[in-house]
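Reader: I am still learning to read strand pairing, and I would be grateful for a close look at a single strand and its partners. Could you take me through one slowly?

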Amino acid sequence: MKDLDFDADKALAKEFLANFADANGGAKYMEILQEVSNRKIRAIQVDLVDLYNYKDSNEEFFRRVTENTRRYVSIFSAAIDELLPEPTEAFPDDDHDILMTQRAEDVTDNPDVSDPHQQIPSEIKRFYEVYFKASSKERPSTIREVKASHIGQLVRISGIVTRCSDVKPLMAVAVYTCEDCGHEIYQEVTSRVFMPLFKCPSSRCRLNGKSGNPILQLRASKFLKFQEAKMQELTEHVPKGHIPRSMTVHLRGELTRKVAPGDVVEFSGIFLPIPYTGFKALRAGLVADTYLEATAVTHFKKKYEEYEFQKDEEEQIARLAEDGDIYNKLSRSLAPEIYGHEDIKKALLLLLVGAPHRQLKDGMKIRGDVHICLMGDPGVAKSQLLKHIINVAPRGVYTTGKGSSGVGLTAAVMRDQVTNEMVLEGGALVLADMGICAIDEFDKMDESDRTAIHEVMEQQTVSIAKAGITTSLNARTAVLAAANPAWGRYDLRRTPAENINLPPALLSRFDLLWLILDRADMDSDLELAKHVLHVHQTKESPALGFDPLEPNILRAYISTARRLSPYVPAELEEYIATAYSSIRQEEAKSNTPHSYTTVRTLLSILRISAALARLRFSETVAQSDVDEALRLMQMSKISLYADDRQKAGLDAISDTYSIIRDEAARSNKTHVSYANALNWISRKGYSEAQLKECLEEYAALNVWQIDPNTFDIRFI
């Protein structure tokens with residue numbers, strides 16, 4: 001292997017930074033360096049795609065940069081030191097500038113600086129940081145795929161952030177002043193631990209035969225922001241039967257505070273070993289740990305507030321906003337592979353959009369998040385809907401009832417491995433702050449664990465008083481729960497309250513409680529079976545009459561809608577108040593009420609109406625929004641009203657007659673064959689004996705005539 005010439009590589013780096021032109025022909029990196037010189041920015045991100053595409057670049061240099069990245073960060077930094085232009089804008093001097101001016105004068109006064117400890121290190125002069133961003137042509141690696149052969153190389157790893165430490169100062173250059181000779185001594189710190197100097201290395205102390213007394217000057221030293229994060233591999237990357245692996249990530253400088261627990265991110269970074277220190281070293285022996293020195297962070301799903309539109313997305317959203325049928329299009333684009341459930345999808349769309357939070361002058365808060373509970377028979381695609389919503393939402397956490405304890409949902413007090421102090425670790429509801437928390441198998445949760453959700457759903461905080469920590473954490477999350485009725489399936493002989501089997505205190509907190517009953521109906525079952533078979537064969541949903549919107553367009557549209565804060569105009573107040581009081585009256589008259597109506601229901605109507613106004617990009621709530629909110633509340637119990645009709649005195653004979661009459665009217669026939677009639681009623685679950693009884697009874701009433709041989713029906 002030929003010797004590496006780092007000076008030649010520095011010249012190559014300098015040429016690349018000076019001459020690289022972006023798509024518009026501008027000198028991309030020289031513009032960034034000018035911004036750095038004017039103290040506008042501190043981070044210089046060198047994209048390796050640019051280095052690869054650079055006209056004069058050779059592949060060997062590109063390979064060396066990716067395989068020995070730590071060294072090339074310092075080479076590029078040295079090249080930037082020489083290239084950095086003069087500032088074009090005035091800026092006030094800070095402490096760092098004044099110190100540097102003083103040091104430069106000291107160096108000119110004292111030319112004998114043969115000692116390396118007395119030379120000013122280039123690191124302390126720099127007020128910028130250089131980061132490499134890995135090429136995004138190949139797919140990112142998983143934590144399992146990063147092996148020993150990648151040590152020292154630049155890698156891209158995707159995963160979910162599970163823990164983040166606080167941002168602490170990390171020493172980069174330690175500066176000492178000798179008490180005896182007054183010299184300033186510099187010591188570069190490259191690892192997490194360092195040995196302070198106890199002897200002064202200056203020539204004056206050596207001549208005098210003294211060891212000197214170096215004192216660490218914290219004010220003159222250079223510190224970097226430092227944060228440690230724990231990253232875990234995504235569930236889809238874990239092989240069967242294994243548990244997810246995790247990796248430590250070190251973030252420095254401008255990369256700190258970029259990630260939070262629960263974020264799905266992609267890190268570019270240098271994979272490095274780190275020896276254990278302190279007592280751990282005694283236990284570990286020769287074993288070392290590995291970590292990722294992060295150089296770039298990319299978020300897979302941006303928060304709604306941080307969403308940056310791509311070039312054509314704004315035009316698409318403007319076009320969609322003008323479309324009159326946007327409400328239906330957006331809702332049908334949610335999980336198009338799942339058949340039916342149109343109104344449920346509309347409700348889930350409103351859950352994603354939400355209503356604005358209201359904060360009153362005295363500090364009282366009224367939540368804007370919409371909570372929905374899907375309660376239904378097994379096999380009505382509740383869990384699939386939950387999973388899909390979590391994929392669409394920029395921040396979503398999915399948990400199941402049995403697998404979650406009360407602490408797992410709210411917050412746990414744990415001992416930190418690094419500092420050995422008691423720290424709080426946020427649970428699922430805290431991780432889903434400003435997002436959606438989907439809880440499956442809600443009915444199987446222990447009662448003590450379920451009470452943890454009460455506070456989150458209305459006050460939107462998690463209060464804790466454990467192990468000497470008394471605090472309140474934010475949990476501004478929309479809860480989407482899925483549950484089965486009390487006996488696994490909905491039992492029509494029992495009242496709705498017995499079937500739902502959730503305490504009224506919890507039920508009243510849900511804005512919408514959907515009851516989804518799985519009924520035998522031949523027509524809809526045929527359609528459903530055809531739909532499922534089509535999805536199985538083609539791996540896509542049948543034609544909807546329009547192209548379903550991609551999740552990223554949905555996110556972009558919702559993030560635009562969430563910027564609006566609609567209000568209820570004065571003329572609608574009477575209308576909403578009357579609607580609410582009539583719902584209360586109906587419930588008071590009913591023997592077995594289907595829902596539990598409280599003042600929270602009124603707030604739910606306001607929230608859903610505001611979410612509908614947001615979807616129209618309107619600043620005011622219209623009467624149509626209130627009507628649609630009331631309709632959704634009515635539709636959430638629609639599957640029960642069919643039973644009420646049967647219970648209300650429509651016996652099997654009358655129902656059979658009404659089926660035959662409706663079908664005959666639809667096809668404009670006065671003559672109906674017995675085979676057709678039998679086909680119609682068997683679809684609705686009635687028997688041939690009931691049909692014959694119906695024919696005889698209504699023939700006696702002279703409603704129709706029956707052919708004595710074929711039993712065909714002729715209406716009179």
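Author: A good place to begin is R163, whose bridge partner in β7 is K230. Before going on, please keep in mind that this is a predicted model, in which local features need pLDDT of at least 70 and side-chain atom pairs count only at pLDDT 80 or more, while totals for chains, interfaces and linings use all residues. Residues are numbered from 1 along each chain as its sequence is written, and side-chain values use heavy atoms, with hydrogens and water left out.

The strands named here are DSSP runs of E with at least two residues, numbered from the N terminus (helices are runs of H or I with at least four residues), and two strands are said to pair if DSSP finds at least two bridges between them. With those terms in hand, we can follow β7, which covers residues 222-232 and pairs in the antiparallel sense with strand β3, residues 154-164, over four bridges.

Strand β4, made of residues 168-178, also pairs with β7 in the antiparallel sense, here over five bridges, and within β7 it is F226 that stands opposite K168. Strand β8, residues 246-252, is a further antiparallel partner of β7, and seven bridges are found between β7 and β8. If you look again at F226, you will find that its bridge partner in β8 is R252, so that residue is a useful one to keep in view while tracing β7, since F226 also stands opposite K168.
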